[in-house]
Amino acid sequence: MSVDWSISFDEKIMPKDMQNAATPEEYIKYHANSVRDYKAFWANIASELEWFKKWDKTLDDSNPPFYKWFAGGELNASYLCLDRHIKTGRKNKVAIIWEGEPMENGKPKEVRKITYNEMYREVNRVAHLLKNRYQIKKGDVIGLYMPMIPELPIFMLAAARLGATFCVVFSGFSSDAIAERMNDAEAKILVTADGAWRGGKVLDLKSIVDQALQKTKTISKVVVLNRTNNKINMTDGRDELFDQVMKDIPVNTYVEPEKVKSESPLYVLYTSGTTGKPKGQVHDVGGYMTLLHATMKWVFDIHDHDVYWCMADIGWVTGHSYIVFGPLMEGATEVMYEGLPVFPEQDRWASIIERYGVSIFYTSPTAVRGWIKGGDQWVKIHDVKTVRLLHSVGEPLNPEAFRWLFKHVGREMVPFGSTWWMTETGGIMISHVPGLMMVPMKPGTNGLPIPGIDADVVDEDGNSQKQNERGFLVIKNPWPGMPLTIFKDPDRFKEVYFSKFKNVFYAGDYAVRDPDGYFWVLGRADEIIKVAGHRLGTYELESALMKHNSVAESAVVGVPDDIKGEVPVAFVILKQGAQPNDTLKNELKDTVRKTVGPVASLKDVIFVSKLPKTRSAKIMRRVVKAVAIGKPPGDTTTLDDEASVEEVKNAYAQLSGEVGSS
């Protein structure tokens, strides 16, 4: 099926200060050369890192799909992020500008500016604690269930220093989710905090941990940091306060970084699917750090003078890669913010850009759509002219969201890309690469694959699709940063990612490649509505709705229909000032019909003020669909606000009653 959903494949925009950039054809030629001998290409990139021992083989592909990059090489991720900066002159440079969520008299109550030397000292002290008090050694797993505070990356880097594997669990997850992950990873200790600030409220992390540990088998010790002065219970013999166990460790403590094999595991991070238990993605050291080094240079064009801010939570892979290891390896100064970017007002995110002079801003489409709903005035009251580069991540970027952020933050003059990647890939796979070669931007596209990545759009039989034809997104060659396996489940690793198409990685997303070679990722392949035999992606319908000036955000799901099999229903959040009524409802239906075609006629439009979202701001369409078809919503442990499910349920029930009586 060809795609016709209002996004112009021909619209091209160039940043005003990059008018002499490359054409797509020039980049494609460069990219083709990088893919032709991708092993040599990646070996050249890896040689820019500091290795204790160079690898014996660039890629051990003797047992596909369990690839080992830079096999036999030895290095240490903590060393790359800290020690080498201490030796090369960044010792007193600020590594992290941390801002806590609470405000007082219009200003943040807590701001910490931590230099690379201070990070180095604290990581060594924590590594000493882990090694000598808790006997953590190479190969052990430690669990981390912590707020967005500097101690989280400090513990990650300390574990990496010892050659231990860490497993971060997002601080919004439930006790069941923690227990399931800790049991699967066989973690020896768990590090947490008394609480976390979110939206002006304290989340009681310690109580959640206490519930989780009633169901765990391997955790013998819990380290508790004080963040919120929340009253907590401490279990004798198991729980220890961080401040107490650290107080006697000297500030000049040094722990020699372990020389770990490139193919050794750095971390296990669990990613949920629509079925089955969470999948523990195991990422290595050498390949992963090589990919991050490349993408920090190519995608983010990072320089010593930049102030970089990635808005993600470290509990997700974006935070692992582009808050902790990527920026710190490159010696960047970065912002780390604890709480909601719209607390206590809609402009919190813009005020942070202004306050610290952020020059590189990495955000999400869902966040942008939320800001659109709040209105332009919140951005206009702040000076955001320091921003010189924008990127988004998390889900497809609607063209209207691109145009809004490009205008109000990018001033219609800076590079702006929508990166595509996933927990499994370790780092960015498809993106504009302004740090290497800038090509024209197109609102809504993800861009071209980064060098060394052989991506394709294929049909059900694995054959490359024609231009403008929707198909499945695949990666045809191994790449540094790919998973070693699914933890303790290699058969599942092969079945999920390498069984649909032989010898290629199946991403699980639909995509289109346009005549210029740009990729347009359309969303998950399982987020498809089949109307009278026509397969419609939820993203293309939602993008059509976003064309209407009244729409801030939407979620489209399919509901059963006796004649067509399924028909689409839209749940819509309006911008401030827009009023829900039948006239607007009909306008939205017409907009979708004209944009996508008659086959995409919406059965209904339901106006809501909230949609169920994960705490990483992704809309849980699975939950919306379950409500719409009258099924239980299932696992909502990642849900940001349970009340949103009730609102969707009530709105749909009211509409169903009206429809049933008409």
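**Exercise 1. Cis peptide bonds**

Find the loop that holds Pro 344, then state the geometry of the peptide bond that joins Phe 343 to Pro 344. Repeat for Pro 65.

*Solution.*
- Step 1. Pro 344 sits in the loop between strand S19 (333–337) and H11. The model is predicted.
- Step 2. Omega between Phe 343 and Pro 344 is about 0°, and the bond is cis.
- Step 3. Pro 65 belongs to the loop between strand S1 (57–60) and strand S2 (68–71).
- Step 4. The bond from Pro 64 to Pro 65 is also cis, with omega near 5°.
- Step 5. For background, most peptide bonds are trans.

**Exercise 2. Positive phi values**

Inspect Asn 105 and Asn 468: what is the phi of each? Then place each residue in its loop and classify its exposure.

*Solution.*
- Step 1. Asn 105 has phi near 55°, which is positive although the residue is not glycine.
- Step 2. Its loop runs between strand S5 (103–104) and strand S6 (107–108).
- Step 3. The relative accessible area of Asn 105 is 76%, so this residue is exposed; the cut-off is over 50%.
- Step 4. Asn 468 has phi near 70°, again positive in a residue other than glycine.
- Step 5. Asn 468 lies in the loop between strand S23 (455–458) and strand S24 (471–475).
- Step 6. Its relative accessibility is 25%, so Asn 468 is partly exposed: the class runs between 20% and 50%.
- Step 7. In general, most residues other than glycine have a negative phi.

**Exercise 3. Helix H12 and its surroundings**

Decide how far helix H12 (residues 365–374) is enclosed, and name the elements that its buried residues pack against.

*Solution.*
- Step 1. List the buried residues of H12: Pro 365, Thr 366, Ala 367, Val 368, Arg 369, Trp 371, Ile 372 and Gly 374.
- Step 2. That is eight of the 10 residues, so the helix is largely enclosed by the rest of the structure.
- Step 3. Look for the packing partners. Among the helices they include H11 (348–356), H13 (377–380) and H14. The strands are S20 (360–363), S21 (389–392) and S30 (551–561).
- Step 4. Check the residue just after H12: Gly 375 has a positive phi of about 105°.
- Step 5. Now take a residue from the loop between H13 and S21, Lys 385. With a relative accessible area of 61%, Lys 385 is exposed.
- Step 6. Lys 385 and Ile 573 are 188 residues apart along the chain, and their C-alpha atoms are separated by 30 Å.

**Exercise 4. Aromatic pairs and charges over rings**

Classify two ring pairs, Trp 69 with Phe 70 and Phe 402 with Phe 416. Then find an aromatic cluster and a lysine over a ring.

*Solution.*
- Step 1. The count of aromatic pairs is 36.
- Step 2. For Trp 69 and Phe 70, the ring centres are 5.5 Å apart and the planes meet at 55°, so the pair is tilted. Tilted covers angles that are neither under 30 degrees nor over 60.
- Step 3. Trp 69 and Phe 70 are buried.
- Step 4. For Phe 402 and Phe 416, the centres are 4.6 Å apart with 5° between the planes, and the pair is stacked.
- Step 5. This pair links distant parts of the chain. Phe 402 is in helix H14 (residues 399–408) and Phe 416 in strand S22 (residues 416–418), 14 residues apart.
- Step 6. Buried means under 20% relative accessible area. Phe 402 has 2%, so it is buried. Phe 416 has 1%, so it is buried too.
- Step 7. One aromatic cluster consists of Phe 66, Trp 479, Phe 493, Tyr 497, Phe 498 and Phe 505.
- Step 8. The charged end of Lys 54 is over the Trp 55 ring, 5.3 Å from its centre. Lys 500 lies over the face of Tyr 506, 5.5 Å from the ring centre.

**Exercise 5. The largest cavity**

How many cavities of 30 Å³ or more are there, and which residues lie closest to the centre of the largest cavity?

*Solution.*
- Step 1. A probe the size of a water molecule, rolled over the atoms, shows where empty space is left.
- Step 2. The count is seven cavities of 30 Å³ or more.
- Step 3. The largest cavity holds about 100 Å³ of space.
- Step 4. Its lining has 12 residues; the closest to the centre are Ser 171, Trp 197, Arg 198, Asp 313 and Glu 338.
- Step 5. Sort the lining by type: six residues are nonpolar, two polar and four charged.
- Step 6. Strand S11 (residues 196–198) gives the largest share of this lining, three residues.

Note on methods: Residues are numbered from 1 along each chain as its sequence is written. This is a predicted model: local features need pLDDT of at least 70, side-chain atom pairs count only at pLDDT 80 or more; totals for chains, interfaces and linings use all residues. Side-chain values use heavy atoms; hydrogens and water are left out. Rings of Phe, Tyr and Trp (its six-membered ring) pair if their centres lie within 6.5 Å; planes under 30 degrees apart count as stacked, over 60 as edge-to-face and the rest as tilted. Buried means under 20% relative accessible area, exposed over 50%, partly exposed in between (1.4 Å probe, protein chains only). Helices (H or I, at least four residues) and strands (E, at least two) are DSSP runs, numbered from the N terminus. A charge sits over a ring if NZ of Lys or CZ of Arg is within 6 Å of the ring centre and within 35 degrees of the ring normal. On a 1 Å grid over the protein atoms alone, a cavity is a set of points where a 1.4 Å probe fits but cannot get out, and a pocket is an open set with protein on both sides within 12 Å along at least five of seven lines; lining residues have an atom within 4 Å of a point. Grid points are joined across faces, edges and corners, and a volume is the space filled by probe spheres set on the points. Ala, Val, Leu, Ile, Met, Phe, Trp, Tyr, Cys and Pro count as nonpolar, Asp, Glu, Lys and Arg as charged, and the others, Gly among them, as polar. Contact means heavy atoms within 4.5 Å.
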